[in-house]
Amino acid sequence: MSHLSERPEKAVVGASMPHESAYQHVTGTALYTDDLVHRTKDVLHAYPVQVMKTHGRITALRTAPALEVPGVVRVLTGADVPGVNDAGMKHDEPLFPDTVMFHGHAVAWVLGETLEAARLGAAAVEVELDELPSVITLDEAIAAGSFHGARPVMVTGDIDAGFADSAHVFSGEFQFSDQEHFYLETHAALAYVDEAEQIFVQSSTQHPSETQEIVAHVLGLHSHEVTVQCLRMGGGFGGKEMQPHGFAAIAALGARLTGRPVRLRLNRTQDLTMSGKRHGFHAQWKIGFDTEGRIQALDATLTSDGGWSLDLSEPVTARALCHIDNTYWIPHARVAGRIAKTNKVSNTAFRGFGGPQGMLVIEDIMGRCAPLLGLDPTELRERNFYRPGQGQTTPYGQTVTQPERISVVWDKVKENAGFEERRREIAAFNAAHPHTKRGLALTGIKFGISFNLTAFNQGGALVLIYKDGSVLINHGGTEMGQGLHTKMLQVAATTLGIPLHKVRLAPTRTDKVPNTSATAASSGADLNGAAVKNACEQLRERLLQVAASQLGSNASDVRIVEGVARTLGSDKELAWDDLVRTAYFQRVQLSAAGFYRTEGLHWDAQAFQGSPFKYFSYGAAAAEVEVDGFTGAYRIRRVDIVHDVGDSLSPMIDIGQVEGGFVQGAGWLTLEDMRWDAGDGPGRGRLLTQAASTYKLPSFSEMPEEFHVTLLENATEEGAVYGSKAVGEPPLMLAFCVREALRHAAAAFGPDGAEVELASPATPEAVYWAVESARLSGSTALDAELVTGA
């Protein structure tokens with residue numbers, strides 16, 4: 001086993017423990033970015049001037065009326081920017097635009113003594129627009145040829161030969177919805193200028209270093225003149241990876257120009273109408289199977305809805321291509337990706353980062369094609385799994401490691417769920433109930449872990465030991481409720497060999513650990529955990545030398561366990577606090593910077609070939625649903641999950657992540673129906689689902705009535721920190737089983753073998769139409785029999 005993966009005796013990692021901020025969360029004492037405004041004097045409040053038109057050139061922007069509003073201090077416009085007027089890394093997102101690109105685009109910001117004054121000032125700003133044609137839907141963008149960014153093509157094998165060898169060829173298309181992050185805490189930033197004219201920004205951001213970079217280039221400063229801190233986030237899900245930068249820059253610009261702290265916090269409607277979503281996709285596909293139902297060839301084009309600017313659309317689309325195979329070997333494939341440019345908010349990262357979209361395409365294909373092949377969907381999926389010992393590679397050329405785990409988690413779910421017996425019970429139930437049907441489906445996942453951009457696969461940490469033996473750790477990851485900080489505390493305590501209560505964690509900030517990557521791509525624990533471990537190992541090695549001198553032994557024979565240094569085979573021992581104090585008096589350095597870079601990655605974005613992922617995470621889930629044939633309403637009766645997290649760093653945290661990810665995935669696939677006004681009226685381009693009253697989020701009522709989550713046992717991941725695997729994103733895709741179970745239940749209203757197309761999200765309305773389609777196919781079959789009989 002590698003040094004990175006090996007666990008010492010009595011490790012703190014692997015123990016189930018509550019979230020490090022759980023007490024503060026439930027008592028309301030946890031501080032978030034906007035809470036800090038009450039601890040800051042003389043704060044100004046920022047409010048956006050949103051233009052409620054979808055597309056047009058600004059011909060006049062009159063700010064003077066706003067300055068007449070009592071309490072308004074200043075109006076920020078593009079003329080105030082001393083550096084680069086851009087909020088993105090692609091330089092296609094002007095902070096103060098001269099062209100409105102989506103309904104609700106902010107073109108200026110008003111600073112007021114109170115939020116109400118700023119709001120009234122924003123309402124007083126006069127904007128004139130020369131309106132331009134707009135593109136709203138993916139269909140419109142495809143028809144108009146409205147695309148931007150890279151257009152990757154992934155090729156493997158010989159697609160023409162693959163189709164020639166196919167006994168069955170099917171084709172179709174599939175369009176599925178975007179998704180709102182709906183984190184509890186909206187975008188927020190608080191900026192001030194210190195006595196040295198340096199900028200300090202508190203930001204609800206998943207990527208403090210990039211927020212720092214954007215603030216610096218907007219203000220025309222160097223990065224060392226800007227410090228960004230993130231205390232914690234009330235949810236992120238990818239929505240705070242790129243999108244916080246512009247809001248932080250507005251606050252920093254206001255602080256720089258006025259000399260006063262500036263607070264910016266979006267209300268819920270502003271957050272919904274100004275920030276990006278998960279990319280909706282359109283897929284055109286053609287697939288070939290042999291006589292046994294094994295995939296021979298796949299030809300597909302995936303079109304993502306990028307919105308008005310690129311943001312992270314290129315890597316999201318690339319990852320969708322990388323995950324279209326999911327758990328299935330596809331020997332011959334050609335998959336093309338493109339990004340639609342539409343007049344909507346700029347879509348961005350969302351848990352899974354394109355992986356769910358790519359995997360949904362192949363799972364929808366399998367669900368639709370199984371009855372056409374005369375196969376049970378479970379059997380069709382099993383026949384196409386990656387197999388051990390076959391040397392099979394993904395369509396982009398990476399060898400699939402641990403392919404046996406695909407079948408291991410699958411079979412374990414079958415066992416735990418009593419899958420075969422329940423399938424017979426459901427068949428009997430459906431035969432006896434003409435107006436209510438149940439469905440049962442099993443799906444699996446294979447998700448690659450690492451950033452597609454190789455450079456991002458690095459992490460840093462700074463660990464400090466104080467004279468009294470207490471330890472403070474800093475790392476580059478941010479906490480958005482996912483439990484990363486909890487795991488980092490456990491890693492530090494394990495590596496140093498001390499009790500957990502000895503270790504405290506500092507807020508994430510750019511002047512402690514520089515040049516960090518976003519807390520994203522499920523890599524937070526892998527990168528930062530390895531960096532924390534590296535720093536702690538440096539300190540431990542120094543302390544072992546000190547302990548050896550005190551205990552009269554060799555350093556290689558000393559172990560620090562539960563806060564006591566002991567020599568092997570001896571009764572001599574030295575308490576941790578005494579060891580640290582002795583080290584200080586011997587002038588031993590008690591701080592260390594840790595670093596980690598993921599090895600073995602390589603990626604050619606042009607050829608779309610390489611090994612972009614450190615390893616794959618596996619999981620499988622079975623869901624049982626019940627559908628009302630009159631309304632399409634349904635309930636999730638039971639879910640069974642087996643998920644691979646390697647050797648868990650913190651099992652209670654990981655089980656919570658699996659549960660939460662699954663429910664969020666089920667929300668995307670079955671409930672969360674974003675609607676935009678695509679008509680030709682004055683509201684064209686407006687987001688219609690602007691609140692929780694019109695945008696349905698999963699809640700307790702949508703939780704499975706029975707919910708069983710099991711972590712795969714004996715699953716050490718070689719080459720990852722303490723043998724663990726990532727957990728954040730993969731569980732979201734386990735929810736495919738809910739959608740497939742709904743398809744099964746809808747099909748039960750028709751004849752055996754009926755193909756069912758199911759919209760996504762599969763809302764009760766969509767399920768009702770799927771039920772009607774199944775019934776119609778039954779009627780059509782009966783009519784055909786009558787005609788034949790006549």
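**Cavities, sheet and overall build**

The largest cavity is lined by 22 residues, with Ala87, Glu93, Phe247, Met274 and Trp308 lying nearest its centre. Here a cavity is a set of points, on a 1 Å grid over the protein atoms alone, where a 1.4 Å probe fits but cannot get out, and lining residues have an atom within 4 Å of a point. Two elements, strand 5 and helix 7 (244-258), give two or more residues each to this lining. Helix 7 gives the most, with 4 residues. By type, the lining splits into 12 nonpolar, 8 polar and 2 charged residues; Ala, Val, Leu, Ile, Met, Phe, Trp, Tyr, Cys and Pro count as nonpolar, Asp, Glu, Lys and Arg as charged, and the others, Gly among them, as polar.

All this comes from a predicted model, in which local features need pLDDT of at least 70 and side-chain atom pairs count only at pLDDT 80 or more, while totals for chains, interfaces and linings use all residues. Residues are numbered from 1 along each chain as its sequence is written, and side-chain values use heavy atoms, with hydrogens and water left out.

The largest cavity comes out at about 340 Å³, the volume being the space filled by probe spheres set on grid points joined across faces, edges and corners. The count comes to 4 cavities of 30 Å³ or more. Next in line, the second largest cavity has a volume of about 90 Å³. Its lining has 14 residues, and Asp526, Leu527, Tyr596, Thr598 and Lys614 are the closest to its centre. That lining divides into 7 nonpolar, 5 polar and 2 charged residues.

Strand 5 also turns up in an open sheet of 8 strands, ordered 3-5-1-12-9-10-11-20 with mixed pairing. Strands pair if DSSP finds at least two bridges between them. The edges belong to strand 3 (72-76) and strand 20 (508-509), each pairing on one side only. Strand 1 (residues 44-51) and strand 5 (residues 105-112) run antiparallel, joined by 7 bridges; Val49, for one, has Ala108 in strand 5 as its bridge partner. Helix 3 (residues 115-124) lies across strands 1, 3, 5 and 12 (262-265), at about 25 degrees to strand 1. Contact means heavy atoms within 4.5 Å, and angles run from 0 to 180 degrees between the N-to-C directions of axes, lines fitted to C-alpha atoms, for helices over the stretch in contact.

Overall, the protein chain has 19 helices and 29 strands, taken as DSSP runs numbered from the N terminus (helices H or I, at least four residues; strands E, at least two). Its radius of gyration is 28 Å, close to the 28 Å that the globule rule gives for 790 residues, so the chain is as compact as a globular protein of that length. The radius is taken over C-alpha atoms, and the rule is 2.2 Å times the number of residues to the power 0.38.

Terms used. On a 1 Å grid over the protein atoms alone, a cavity is a set of points where a 1.4 Å probe fits but cannot get out, and a pocket is an open set with protein on both sides within 12 Å along at least five of seven lines; lining residues have an atom within 4 Å of a point.
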